[in-house]
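I opened this entry to keep a record of what I looked up, place by place, for someone who has not met the structure before.

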Amino acid sequence: MLPKILPLLKEIELPVSKLHATVQAFTVKEEKNLLLSKDLGDMILENSLLKLIELKTTFKEEGAKVDDLCICDVVVLLVEILSLSKTSKQDLAFRCTNMVGPKDNQHECGTRIALTIDISDYKIIGESEDGKILQLTDNIGVELHYPRYSVIAPLQAKEKLDEEDYIDVYMDCIKAIYEGDEMHTDLNKDELREWFNELPGEYLKMFIDFVEKMPSVVLDYDVVCPTCGNKRSFHAVNVMDFFTSSMERNG
Ligand SMILES: [Zn+2]
């Protein structure tokens, strides 16, 4: 029998949930499959990535699941797995969209700029408020958790989000509702939706704020165009950004 090489492992503490995870490097076969699914479109790639992240992660805490994590923790898992697999370096190609030329005859610079990024250079921005209690009245409060990535991921594939999509995300933030000493945790989705829709409008902003300020994983690089000297920054914030090896960016 041929000798078996054990995969590389790394233990990490996730920044938001504080869960302890051990991640494993991808195998050659898994990397090949990922490369193949890259051509099949974002949603399929995202699905296979999520499945792989699940496969490559074990938690110390019983019952913990990748499906229950917020986007920040999922991205950290992915980045750590890619770094361990020695595939954290990515070559990107940009097009310079700076407008150049005389005032009456401006055109886009259009120079292609190559940039090699290393996603293990990531930073986490924002303070975690996971588990925060939102006091709605003197005796009614809500325990908030960041929306799960498994709820947000399908929305990212939609072209336009409607009101119900946003409400799904805010509802997913509600872990428990307090009323004095009584705590409701086993929340029925329909009942919760009705309760949420009946909330005085002023509370909606608190939910929006909570979601908007959730910690995120970012990667920042400054890029200078060799032709026109225009300086701009590369700023990646979502899972797909971290796993796309070459792209045209205008932002
Ligand atoms: Zn340029």
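I started in a loop, bearing in mind that the model is predicted: Thr97 is found between strand E4 (89-95) and strand E5 (99-100). Is Thr97 buried, exposed or partly exposed? I noted 16 other C-beta atoms within 10 Å of its own, and since a buried residue would need 20 or more and an exposed one 12 or fewer, Thr97 counts as partly exposed. I also looked up its separation from Pro3, which lies 94 residues away along the chain, and found 53 Å between the two C-alpha atoms.

Next I turned to the domains, where the chain is divided into domain 1 (9-87) and domain 2 (129-212), with their C-alpha centres 26 Å apart. I then looked up how they touch, and 12 residues of domain 1 are in contact with 9 residues of domain 2. On the domain 1 side, helix H2 (42-55) and helix H3 (71-84) each supply at least two of the touching residues, and H2 gives the most, with 4 residues. By class, this side of domain 1 has 7 nonpolar, 1 polar and 4 charged residues.

My last entry concerns H3, for which I asked how its length compares with the expected span. At 1.5 Å a residue its 14 residues should span 20 Å, and the end C-alpha atoms are 20 Å apart, which agrees. H3 is mostly covered, as 14 of its 14 residues are buried, and just after this helix Lys86 takes a positive phi of about 60°.

Conventions: Residues numbered from 1 in each chain as written. Predicted model: local features only at pLDDT ≥ 70, side-chain atom pairs only at ≥ 80, totals over all residues. Domains from an automatic or database assignment. Contact = placed C-beta atoms within 7 Å. Nonpolar A, V, L, I, M, F, W, Y, C, P; charged D, E, K, R; others polar. Expected span 1.5 Å × (residues − 1).
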